[in-house]
Amino acid sequence: MKTTIKFILTSFLTLFIFSGYAQEQIPLIEKGAKNTVLSNKKGTKKLNIEILDVIYSDSTRRTCKAQIKFQLTATGGKIPLFKKDWLADSKYWRLSFAYFDVHRTRSFLSLPNIPFFTNPSPILLENQTESFTLDLEVFDNKIFVVKFDDSYLMVLNKYEGGEIIKQREEEIKRKEEEKRLAEQLALKRQQEERDSIEAAYAERRKLLLTPPYLANWVGASFFTKENIEKDCDVRPVAYHGGAVMYSFPLCGVTMEFEDTHHVCVELSFRLFGKMGYDMKKELIEYGYKLQSQSKDLIAENNFSDLTEGRRSVYKCKLDHGGYSTCIILEGQAMMFTFYRTKD
């Protein structure tokens with residue numbers, strides 16, 4: 001009888017002390033919470049515990065499930081998570097998870113499904129970190145604690161339905177917001193990448209219709225149909241005889257390719273107004289020299305109009321041999337045609 005009374009008083013006193021003063025000294029189990037306990041008398045060995053995440057689920061008015069991911073780090077030497085009493089052939093857990101029943105003032109040992117609890121030999125931490133996940137059924141009349149030997153490390157307060165449900169809803173909203181922001185960031189990066197690629201293509205299409213590229217590329221072995229379409233991101237929009245027509249931002253461009261290697265041997269395009277005169281000026285400044293000039297009958301608007309115009313032949317000597325020839329037909333617009341000759 002005395003033993004029973006003593007046990008009840010001890011249990012009540014333990015719960016009273018724990019529920020009051022001790023709770024104020026140890027951190028609550030929540031994301032980011034940390035605590036440290038000394039593992040030897042000298043204080044050289046330490047076991048650190050950190051809560052990485054807390055997720056509540058299946059919340060009701062009186063209970064919910066809590067998944068707690070925690071991290072253990074040992075410093076200063078080896079620290080066993082449990083030890084074995086070989087004489088009694090029983091295990092004494094050094095690291096334990098227990099809960100206090102508030103109504104009955106009793107303490108029970110709870111053994112969650114954690115790998116090291118079923119390991120036949122002690123788990124030793126030595127200047128290293130281990131992460132585990134603890135799954136609990138949280139009730140409205142129980143307080144869960146994490147203990148190492150006789151030291152309380154952390155506490156999970158008794159379940160309060162409304163607050164836990166609120167936390168769960170906030171957690172869901174937070175994750176949804178994080179997901180939304182991540183998706184927005186991913187879309188933004190994809191768009192920026194597409195814009196960057198398109199800007200590179202646009203720059204190549206622009207450079208292709210400038211004197212240095214027209215002079216040195218038309219007729220060159222690398223200036224093939226495949227390379228042009230790949231590097232400038234263009235596709236044929238029409239065919240006429242052996243000519244292939246492409247749509248460039250500046251104007252439509254017609255190219256003729258030889259049959260063996262599909263090298264572009266002739267390139268032509270038409271410019272109107274000031275753009276035509278500017279192109280002619282740039283060609284002359286680059287090094288194209290007038291070779292001949294004559295009057296010519298020019299077909300305009302798909303041969304619906306025949307007008308008298310001027311035909312000019314310009315040539316530019318190339319560093320690697322030969323000439324780039326440009327024929328300019330000046331009528332209502334200026335038609336530029338480029339090809340390569342040996343002399």
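Helices and strands here are DSSP runs, with at least four residues (H or I) for a helix and at least two (E) for a strand, numbered from the N terminus. By that count, the protein has 5 helices and 20 strands. Keep in mind that this is a predicted model.

**Whole chain.** Start with everything selected. Of the 343 residues, 34% count as buried. The protein exposes about 21,300 Å², and carbon and sulfur atoms supply 52% of that area. Now think about contacts between residues at least 6 apart in sequence: 54% of them join residues at least 24 apart.

**Helix α2.** Next, select residues 161–208, which make up α2. This helix has 48 residues, and from its first C-alpha to its last it reaches 70 Å, close to the 70 Å expected at 1.5 Å a residue. Show the side chains of Gly 161, Ile 164, Glu 171, Tyr 201, Arg 205 and Leu 208: these residues of α2 are buried. What covers them? Color β2 (46–57), β3 (63–75), α3 (211–217), α4 and β15, which are all included in the cover.

**Helix α4.** Move on to residues 225–232, the helix α4, and pick out Ile 228, Glu 229 and Cys 232, which are buried. Why do they sit on the same side of α4? Because they cover an arc of only 95 degrees around the axis. As background, an α-helix has 3.6 residues a turn, so residues three or four places apart point the same way. Now rotate to the other side of α4, where Glu 226 and Lys 230 are exposed.

Back on the buried side, the cover over those α4 residues includes α2, β13 (236–240), β14 (243–247), β15 (252–257) and β16. Before leaving, click on Asp 233, which follows α4 and has a positive phi, near 55 degrees.

**Strands β16, β19 and β20.** Since β16 is part of that cover, select it next, as residues 264–271, together with β20, residues 334–341. These two strands pair in the antiparallel sense over 6 bridges. Which residue of β20 stands opposite Arg 270? Look for Met 335.

Now add β19, residues 323–330, which also pairs with β20 in the antiparallel sense, over 8 bridges. Zoom in on Cys 326 to find its bridge partner in β20, Phe 338. Finish at the hairpin, where 3 residues join β19 to β20. With side chains switched on, remember that in a regular strand they alternate between the two faces of the sheet.

Terms used:
Residues are numbered from 1 along each chain as its sequence is written. This is a predicted model: local features need pLDDT of at least 70, side-chain atom pairs count only at pLDDT 80 or more; totals for chains, interfaces and linings use all residues. Side-chain values use heavy atoms; hydrogens and water are left out. Two strands pair if DSSP finds at least two bridges between them. Buried means under 20% relative accessible area, exposed over 50%, partly exposed in between (1.4 Å probe, protein chains only). The arc is that of the directions from the helix axis to the C-beta atoms. Contact means heavy atoms within 4.5 Å. The expected span of a helix is 1.5 Å times one less than its number of residues. Accessible areas come from the Shrake-Rupley method with a 1.4 Å probe; for residues, only the protein chains shown count as cover.
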